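Please look through the structure shown here before reading on. The report that follows takes up the chains and their parts one after another.

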Amino acid sequence: MKAAPFAYVRPTRLQDAVTELGSAQHGGGKVIAGGQSLVPVLAMRLGRPSTLVDITRVEELTHMTVDDQCLRVAAAVRQRRVQREASQLVPLLGLALPWVGHREIRSRGTVCGSLAHADPSAEMPAVAMSLNATVEVTGPNGRRQVSAADFFTGAMATVTEPTEIVTSVSFPIASSDEGYGFAEIARRHGDYAIAGVAARVRSTSGAVVEAPITSFGVSDKPQLRDMSGALQRAVDSLGDPAAPTSEITNALEEPAHAMAEDVVTTAGDSHGSTAYRKRLVRVLAARELARAYRSSLKGA
Amino acid sequence: MDATAKGPGRQVTQPLTKIPATSDGRITGSRIEDPPLVTGQGRFLDDLDPLPGTLVAAIVRSPHAHAKIRKVDLTRARSHPGVAAVIGPEEVLETLKPFPLSLRTNMPYYPTGTDKVRYVGEPVAVVVATDRYTAEDAAELVRVDYDVLPAVVDTKKAANPDSAVLHEGADSNIASDRSFTFGSVDDAFARAAHVVSEEYKFPRYSSTPMECYSVIAEWRDESTGPQITAYANFHGPFSIVPILAGALGISTAQLRIIVPADNGGSFGIKSGVYPYIALMALASRHAGRPVRWTEDRIEHLLSSSAGSDRIMRFKAAVSATGTVEALDVDFQENVGAYLRPPEPATLYRCFGNITGPYGIDAVRMRARAVVTNKVPTGLNRGFGGQQLYFGLERLMDKIAVTVGKDPLELRRTNAIPTSAFPYATPTGGIYDSGDYEKAFAMLTESAQYEKLRAEQQAARERGEIMGIGIAAIVEPSATNIGYIALATPQDERVRGRDKSGSTEHVRVSVDPQGVVSVLLGTVPQGQGHATVAREIVANQLGLSVEQVVPKIDMDTATTPWTITTGSYSSRFSPLLTSALVEATDRIAATIKVAASVLLAEDPTELELADGEVRVTADPQRSVLFRHAAGLIHWDPGSLPDTFEAQLNAEAAFTPPESTAASKTDQINSSLCYGFVLELAVVRIDPETLEIAIEKVFSVHDPGTVLNPVLLEGQIHGAMVHGLGGAMYEEMFYSESGQPTSTFMDYLVPTSAEAAFPLTSETFETPSPLSRLGAKGAGEGSSMSFPAVVANAVSDALAPHGVQITSLPLHGNVIHELLSNS
């Protein structure tokens, strides 16, 4: 469990980091920030970058800022800091981050690193999709913005080029008419999810305006679905927008079932078969959409 | 888990043995081992550099479960900068012999594959270099050409005559097949009102010590022949020493093994380090320098060792009222690719207690050890107990359903009555003491059993899934190694070469200032032996604990040891403490003679207390213990004429009850037999099917309690180990023999999973066979808890027509069971 030889650089300017990454031999450069996924890969010699570009000393990548009704989390910001400082501004992050590994992992791991790693069972990509976050990528040709929905292309795969760095992610600040739900099932606390969902609901006077829900651990990438119509019908069927969460959950069973059948395509493993994952997505989607809807009413 | 003694549910029934406090009253059971460990001052083998110029090894391992080794090319690796030596099968065959096995079978076992590889991770070559990075770089340059062969990992398939054969020199993959009958088994089945039977599968899981294997070996060719010095975190059994010497082709006197005092956990698994001692000694011979190898996590998980997986057919003859009259068991043990000594010991460790806590007079047993393309098995906390009791205790539940009795009541009525102790089992065990009736009464009370059942009924009516599981087990300790002979038929066992025993050694000495040193050869791995030994010696000699200094040391050249030495089968509490009492008795007698000179009083009139030697009838007349000791050191001329100024006492506690297997194939396989009665309440989320352990009640009788805090730690630890097997850990192999290889798949429970409320209670029926009445207590719940969880989940799902016959249990498994029911 010792890494194969590699070069290590730790630039202090973003421009230098991009240059180092671009000049790595055979395109074998790899960005390291928290290293919580990358270091085991190196130690097991499953990955052999020629150069590691450590971005944690790039000053501009250490900031977390609020501008334009967005929380901008730069690439070197640790998950633990986001959890502590931004859970009020972006409540879905606050709900999801406790599920990311353990506290020790979150105090090293970064939010942008989790997005760049693009594990299909990870929490941050699903949250980014449900929040319609924007990922900023910087390369030799400058910066570009990519919506989270377009960012993930498959298992451990994104639109990022080998010479580009994920430099930040911007999450919209919560509005008062929004509610959230997040849940996942794992064999142990801190494990990657067997299946999970991240839900956001916006409503006006009880009427559903938006209801994106992203399922993870179910496919080669997180699966975003618009459940606004189904949620509206469920609420209508109860005839009472203030119906208890459990009743809304029950009313959502059918559409949640249909969504689960649609989004779960993974072959499954010893922790969760395809059928069990479908069951979990059905249960969690109905519960969390109902929870998100109910909490969206409170701000109205 | 509630580790601190608080909360309304927690109670300790019996006032436990008083824990000696320091003179200022500071210590109340905390461990002297802890301050250095929790401040990073522990000195483990990887922290030590005992042999200057030591090089570092990396091992090339097989990626295949079963393949013929066609060609091994070491040329490129040997020419890599920084590499001192590279060895492969050729070098192994040139110098080493196969390890002597526990029974006669033609399945040669070397520390590397030689003709073939037989499991993923089996060593093939060793690279010795300046550092581990370089060694691993060069290891990638070792080229091994394989002809891949069909692999077999399933026990039944491997036992089938059509199966791929692992060892061509043997007739089949069945390494051992023995049958035993005790009592009138056929009669009992013929007249039984019910015959209840089931097949159970126990999974393969392991231990996960914080420190993996570690070895430093040096081979020196001296004028008298090779001399091998090995540092290793090996902890016994030292029956392995002659096995190692046999493989190295040297005498045991040419092999010196030194174990560092700090050993980062084992739970049995580190006994499997020994093949690497032979391998690194050979690597050192070729490198001409000492060689260090530190096993990494991947290596440990992939290829160190494991508890065995077992297929078990249980059959019971049961009376109309639910009395079990006879038991018929058929064990098929998957020992992995080689019958690595001391295997097939797992099959026989519980031989004397195969009927558990029940008064069953007739037993039939068939025991087969089957080789497959999995990693070889070895010691793992519980060692045979968790397998046995999973089957026996699942069967007891099935019997309860069959005869329409409550499962706790069925167990209580079948349990050996208190008046029957000491109790001889049909297989040769002699249960030294017990009061199972008391344990049943305590559990019924503390768990409020009837109320629990009423709650369960109410929960079921609300559509909730709730279950109550119970297991009653006998916890054997202080193994009698003679049981391994049972794997060999009686008429093939060589007369005069019997094996038996359970000896444990200690050396106690007193310095000129009256400080008592205690040398422990038990090779602990974090259990707290030093803490307990200090308390016992202080108690025995009437001293404060500060005046006693325990020293952990194992050096086969200087420490007293025998074949049975080592830390396994919970030997410390019954055996080592008995040796301590015997040694301190001798020290006390000597000190009294010295004091008798100072006090002008007959030694028989003296007692040791409060750091003094005093006249029993007139305690005012006294001398300090240290003055008496000082007299022996400084002024032996004043002692009685024939008196030897001996302030060193060695004792080897040798229980006469541990004798070799009889001609009738019976054996008292352990010295002591404790008791555990455990109950768990589980709930299963009807939608997600997640299993939650709601609460656990555990009653233990470990004989005399030596230190209640450490006992509680052992109960917690053993239970969480059992929890791993019950719900999380499984060394799973694909059909082609590819194993789980990382902690992404091999899930060890963490503190979050172990946080269920536990009420543990203890009472004592002292053993008449150990000097303090103590029995072992380190394994009980690791044997019972898998059965407890399975019984609880099975009870929860009974209304859904599901019964549990295998482990581990988790949402995905429950989903599958419910989908198929």
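What percentage of the contacts in chain B with a separation of 6 or more comes from residues 24 or more positions apart? Such residues account for 80% of those contacts, where two residues are in contact if their C-beta atoms, placed from the backbone, lie within 7 Å.

The model is predicted, and local features need pLDDT of at least 70, side-chain atom pairs count only at pLDDT 80 or more, while totals for chains, interfaces and linings use all residues. Residues are numbered from 1 along each chain as its sequence is written, and chains are lettered from A and ligands numbered from 1 in the order in which they are written.

**Chain B as a whole**

The C-alpha trace of chain B spans about 85 × 75 × 55 Å along its principal axes. Its radius of gyration, taken over C-alpha atoms, is 27 Å, which agrees with a compact globule because 821 residues would then give a value near 28 Å; the globule rule is 2.2 Å times the number of residues to the power 0.38. Of the 821 residues, 59% count as buried, a residue being buried if 20 or more other C-beta atoms lie within 10 Å of its own, exposed if 12 or fewer, and partly exposed in between, with C-beta atoms placed from the backbone. The secondary structure of chain B comprises 20 helices and 29 strands, where helices (H or I, at least four residues) and strands (E, at least two) are DSSP runs numbered from the N terminus.

In chain B, an open sheet of three strands follows the order β4-β2-β6 with antiparallel pairing, and two strands are said to pair if DSSP finds at least two bridges between them. Its edge strands, each pairing on one side only, are β4 (116-117) and β6 (143-148) of chain B. Six bridges hold the antiparallel pair of β2 (residues 67-73) of chain B and β6(B), and in this pair B:A67 stands opposite B:V148.

Elsewhere, strand β25 (residues 618-624) of chain B contains B:Q620, which counts as exposed because it has 6 C-beta neighbours inside 10 Å.

**Where chain B touches chain A**

The contact between the chains involves 23 residues of chain B and 17 residues of chain A. On the chain B side, α4 (132-139), α9 (297-303) and α20 (811-820) each supply at least two residues, and the largest share, five residues, comes from α20(B).

**Inside chain A**

Chain A is divided into domain 1 (1-174) and domain 2 (178-298), with bounds that come from an automatic or database domain assignment. The C-alpha centres of these two domains of chain A lie 27 Å apart, and their contact takes 23 residues from domain 1 and 21 residues from domain 2. On the domain 1 side, α7(A) gives the most, with six residues.

Strand β11 (residues 178-185) of chain A is mostly covered, since eight of its eight residues are buried. A:E178, A:Y180, A:F182 and A:E184 point one way from β11(A), and A:G179, A:G181, A:A183 and A:I185 the other way. β11(A) runs antiparallel to strand β12 (residues 195-204) of chain A, joined to it by eight bridges, and A:E178 has A:R202 in β12(A) as its bridge partner.

The two antiparallel pairs are set out below.

| Strand pair | Bridges | Opposed residues |
|---|---|---|
| β2(B) and β6(B) | six bridges | B:A67 and B:V148 |
| β11(A) and β12(A) | eight bridges | A:E178 and A:R202 |
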